[in-house]
Amino acid sequence: MPPKRVRFKEDEERQVQNLHELSTDSVYGAVLLVLGCGLLASYLSTRLPAALTVADLERTPSAFIAERAWTSLKTLNDIGPKPVGSQANEVMAHEFLLKELDGIVASAHANQRIELDRQTVTGAFSTSLLNQSMTSVYRNVQNVVVRLAGENEGDGSAALLLNCHFDTVASSPGASDDAASCAVMLEVLRVLSRRPERTRHPVVFLLNGAEETMLQAAHGFVTRHPWAADVRAFLNLESSGSGGKEVLFQAGPHHPWLIEMYARAIRHPFAHTLGEEIFQLGLIPSDTDFRMFRDYGEVPGMDFAHIANGYRYHTRYDSMDFLSLEVLQRTGDNILALTRALANSDELAAEDRSVGGTVFFDFLGLAFVHYRVATGRIINASVALLALLVPLVGLARGRGRAGGFGEILREVLFGLVATVLGAVFSLISCTTIARQLDFVGKTMTWYTNTYLILGLYCCPALLAHCFVYMFLNAFYSNSKSNLTLGQMTQARLGGVNIFWGIITLASTMAGYRSGYIPMVLLVFSLASSTLNAVLNTGRTRRGWIAVHLAFQLPALLWSTNFYNVLVQLFVPITGRFGGSRNPELFISLLAATGTLLCCSYLIPFVGQLRSTMNFTAKLSAVTVLALLVACFSPLGFPYRDESMTSAPTPQRHYVTHTFRVFHDEQGLLQGTDSGYLFQEMDRNTRQTIEEFVVPGKSLTPLRQLYSCRQELFCAAPFYSLWHQMRFNNYWLPGPEPAFDNMVTMAYLGTEQLNVHTRRLTFAMDASIQSSIIIGPKEGVRLVGWSLLDHVPPPAKYAGRDGHFVFITHGLPGGTWNVTLDLQHDQPKKTGELVDIVVTTKFWEYHHMHTAEFEDLLAQFPSWAHAVPSVAVVSVFPL
Ligand SMILES: [Zn+2]
C-alpha cells in the first residue's frame with residue numbers, strides 16, 4: 001500500500017502554521033550538525049596515507065618509499081641549522097648530499113644516465129618587497145644539480161625541473177623547511193633511476209643551497225646554469241609549516257595544462273585557487289623560488305608547500321620530532337606521480353601549450369575539480385541565476401491557492417535583507433570584541449587553543465544573525481501571510497541564495513577566481529531546491545527540511561573545511577604579523593566570515609523556531625564563558641613550549657647584539673655605541689621582553705633614537721630590510737659584543753667621470769652575511785654601480801632614501817671591488833656626496849656571544865623562540 005500523503009483541509013489552514021514550527025531543541029541539533037561537519041572536515045583534511053617501508057619494495061618496486069626518504073631527512077635534520085655561509089650548509093650538507101647521490105648513481109639501472117653537477121655561483125638581481133626596492137648580491141652560493149636523462153636526448157631537449165632548498169634560517173634545523181622536500185626529491189630520483197625505462201624527457205633535480213637568503217641560489221641556477229635553458233616546467237617544493245598535507249598553492253601562471261596534469265596524476269589532491277589568490281595578494285609573509293623561475297626563467301610551474309602548524313616554521317621546533325613518515329609518503333606519492341606524468345607528457349616539449357587562467361579546487365581531498373576561467377564565469381553566472389529561479393518556481397508550484405506570489409517575493413527579500421544585515425552586525429560585534437580584547441591587553445588568547453575563536457567570535461557572530469532575524473521577524477513579518485512557516489523559510493532561503501549569488505557574481509566580475517567558494521554552496525542549495533520542487537515537498541510537513549539538510553551536509557563539509565584551513569593557516573601567521581597591527585581584528589573578521597559561510601543556510605530557520613530566547617541566552621553564556629577562559633585562565637595564554645604540549649606554539653623573537661662605529665668625513669673614528677636590537681614580531685612581543693628579558697627597563701622605539709634622526713636608516717643593523725620595514729624595532733643600550741671579523745668597505749679612491757659624475761671605488765672584504773645602504777646626500781644621485789646593470793629606485797626609511805644591498809656569501813671569496821657612480825648638480829666636497837652604512841651580521845655565532853648576551857638570552861621564557869645574532873654597523877660619509 002502506498003504511503004498516505006498528508007493533506008490539509010481548508011479549516012485546518014491555521015494549524016499548518018503551527019505544524020511547521022520547529023521545537024526549540026532543534027537549534028541545538030543544527031549547532032551539533034555544524035560542529036560535527038567541522039570535525040569530519042578536519043579529520044579528512046589531516047588524514048594521511050600509510051607509509052611504505054623497504055619491506056614493501058618487493059610488492060611495489062616503483063613506489064615512493066617513505067622510509068628511505070626519512071633516512072635522508074634524518075641526516076639533514078641532525079646537522080642542525082644550516083644558514084648560508086655556515087660550515088653546516090656549505091660543507092656538511094653538501095658532503096651528505098653528494099654521498100647520497102653517489103649511492104643513487106651506483107644503484108641506478110644500467111639504462112639510466114645520471115649527471116651530477118656542483119654549481120658555485122655568483123650574481124645579483126634587484127627585487128621589490130613591500131613596495132621598496134632592494135638589490136640582492138650573492139657570492140659563491142652552492143647548488144647540487146642532478147640530471148636524469150630522458151629518452152629524447154640531445155641539445156635543447158625539454159626538461160622538467162624539481163626544486164628544493166637545504167639551507168635553513170638560523171636557529172632552526174629546517175626539517176620541514178625544506179629538508180623534507182629534498183629528501184622527497186632524492187627518493188623520487190632513486191625510484192625513477194632504478195627503473196629500466198627512462199622518462200621521455202630529462203628531469204633536473206635542483207637541491208639549492210641558498211633560498212632563505214631571498215631566493216639567491218635559484219636565481220643563480222636559472223640565470224647561470226647550462227641545464228636551465230632546457231627547463232620547460234618546474235615543481236617547487238616548499239614549506240611554511242611542519243607536517244600535514246602539501247598544498248598546491250600556485251600554478252602556472254596561465255598554463256592550464258599544468259593543472260590538467262595535476263588532475264590526472266595526483267593521488268591525494270589538495271589544491272585551491274583561493275590559496276593562489278591569497279598568496280599573490282601578499283597576505284602570506286613569505287616568498288618562494290617560484291618567483292625566480294617564473295620571472296628570470298620565464299618557465300611555468302607549480303608551487304607546493306606544507307602549511308599545517310605554521311607555528312613551528314623557522315623555529316627550533318621545525319625538527320623531525322614533529323614530522324612523520326606518512327607526511328613524506330603523501331608528498332612523495334604525489335610528486336613522484338606528477339614527475340612521471342610531466343616528464344612523459346607531450347605538453348612539456350610542445351610549442352603551442354594552452355594558455356589562460358584556471359579555477360581549481362579539491363573537495364576535501366576526495367575529488368579534484370578544475371576548469372578555465374572563462375568556463376568559470378559561465379558556471380558562476382548560471383548557478384547564481386538558477387539558485388534564484390528554482391526555489392521561486394518550486395514555491396510557486398507548491399504555494400497552493402492561498403499564498404500569493406507577491407508574498408513569496410516579500411519573504412525572499414526578507415531573507416536577503418536579513419543575511420546582509422546579519423553579516424553587517426556580526427562584523428560590527430566581532431570587531432568590537434576584538435578591539436576591546438586588544439585594548440585590555442588580552443591579545444591572541446586563541447593562538448594555541450584555536451577553538452576559543454568559536455566562543456569569542458563565532459558565537460557573537462551567530463548571535464548577531466539571530467538577533468537580526470528576531471528583530472525583523474518582530475517588526476516586518478506579515479502576520480496575515482497565507483504562507484506556512486515552512487514556505488516562508490524556503491522563500492527566505494531563496495534570499496540567502498541571492499546573497500551568495502551576488503557575492504559570486506561580484507567576485508567573478510572583480511576578476512577573482514575564488515568566487516567558486518560561494519558558488520559551491522549555491523550548487524548544494526540549488527540541488528536541494530530542485531529536488532524539493534520535483535518532489536513537491538513544499539507543503540508536506542517536514543519533508544523539504546530533510547531534503548534541505550541532506551544537501552547541507554556536503555555544503556557544511558565544504559564551508560567548515562574552509563574555516564579550518566584558514567584558521568590553521570592564519571592563526572600561526574599572526575605570530576609574525578608585527579606589533580603594529582591588531583591580530584584580533586583580523587581573526588575576528590575571519591571568524592565572522594566563516595560563521596556566515598557555515599551557517600547562512602541554517603539561520604533562516606530561526607523564524608520557524610517556537611522560541612529563540614533560550615538559545616540566544618545560551619549562546620551569550622558561551623561567549624561570556626569563552627571571554628572568561630580567554631582572559632583569566634591559563635587556557636587563554638597564547639604560547640606553549642614542548643613541555644606543555646605535543647604541538648608547541650612559541651612566540652618569536654629576534655635579538656641582535658649590536659656594535660656601531662661612526663666615522664667622520666676624513667674616515668676618522670668619531671664614536672661608537674652598542675646595545676641590543678629587538679624586533680616586534682607579534683602584538684605581545686614588547687610586553688614579553690619588558691616583563692621577562694629586561695625587567696625594570698623599557699625599550700626605546702628605534703625611530704625615537706637621536707641617532708635615527710642623524711644617521712642613514714637609523715644606522716640600524718638592517719639585514720633583509722623586509723623584516724626591519726615590516727616590524728617595529730626597539731633599542732636597549734648595552735655592553736659591546738665580541739666579534740672576530742667584520743665586512744669592510746675600504747675606500748680606494750675617486751675618478752672624475754665627467755663634470756657632474758664621480759666614480760668612487762671600494763674594496764669589500766670578509767665573506768660574512770652583510771648589507772650595505774648607500775644614501776646619496778641632497779642633490780646627489782646614484783646613477784650607476786658595479787653591482788648590477790641598473791640602479792633600482794632607492795628604498796625609504798626614517799625620512800631618508802637609500803639603496804639597500806643585501807650580500808650573501810656561500811663559500812668564502814677574496815676581496816672584491818665595488819664602484820659607485822654619483823651624479824651631482826653642484827660641486828661637492830668630500831663628505832657631501834653619500835652616506836654609507838655597512839652591516840656585518842653573524843648568525844649561529846654562539847661561540848662569540850658575550851656572557852651578558854647569553855644572560856639576556858637566558859631570560860627569555862621557555863615558550864619563546866629567540867633567534868640571536870651579532871651585528872657590527874659601520875657608518876661613514878664620503
Ligand atoms: Zn623554505
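UniProt positions use the numbering followed here, with feature names shortened, and an annotation may be inferred rather than shown by experiment. Residues count from 1 along each chain as its sequence is written. The model is predicted, so local features need pLDDT of at least 70 and side-chain atom pairs count only at pLDDT 80 or more, while totals for chains, interfaces and linings use all residues.

**Exercise 1.** Work out what the chain does in two of the annotated transmembrane regions.

Step 1: get the spans. The unreviewed UniProt entry puts "transmembrane region" at several places, among them 378-396 and 516-535.

Step 2: check the fold. Helices are DSSP runs of H or I, at least four residues, and strands are runs of E, at least two, numbered from the N terminus. Residues 378-396 come out 100% helix and 0% strand, with end C-alpha atoms 27 Å apart. Residues 516-535 are also 100% helix and 0% strand, with their ends 28 Å apart by C-alpha atoms.

**Exercise 2.** Describe how α7 meets α10.

Step 1: take the axes, meaning lines fitted to C-alpha atoms over the stretch in contact, with angles from 0 to 180 degrees between N-to-C directions. Helix α7 (residues 256-265) and helix α10 (residues 325-343) have axes that come within 9 Å and cross at roughly 125 degrees.

Step 2: name the angle. The pair is therefore oblique (not under 35, not over 145 and not 65 to 115 degrees).

Step 3: list the contacts, i.e. C-beta atoms, placed from the backbone, within 7 Å. From α7 come Met261, Tyr262, Arg264 and Ala265; from α10, Ala337, Leu338, Ala341 and Leu342.

Definitions and conventions:
Contact = placed C-beta atoms within 7 Å.
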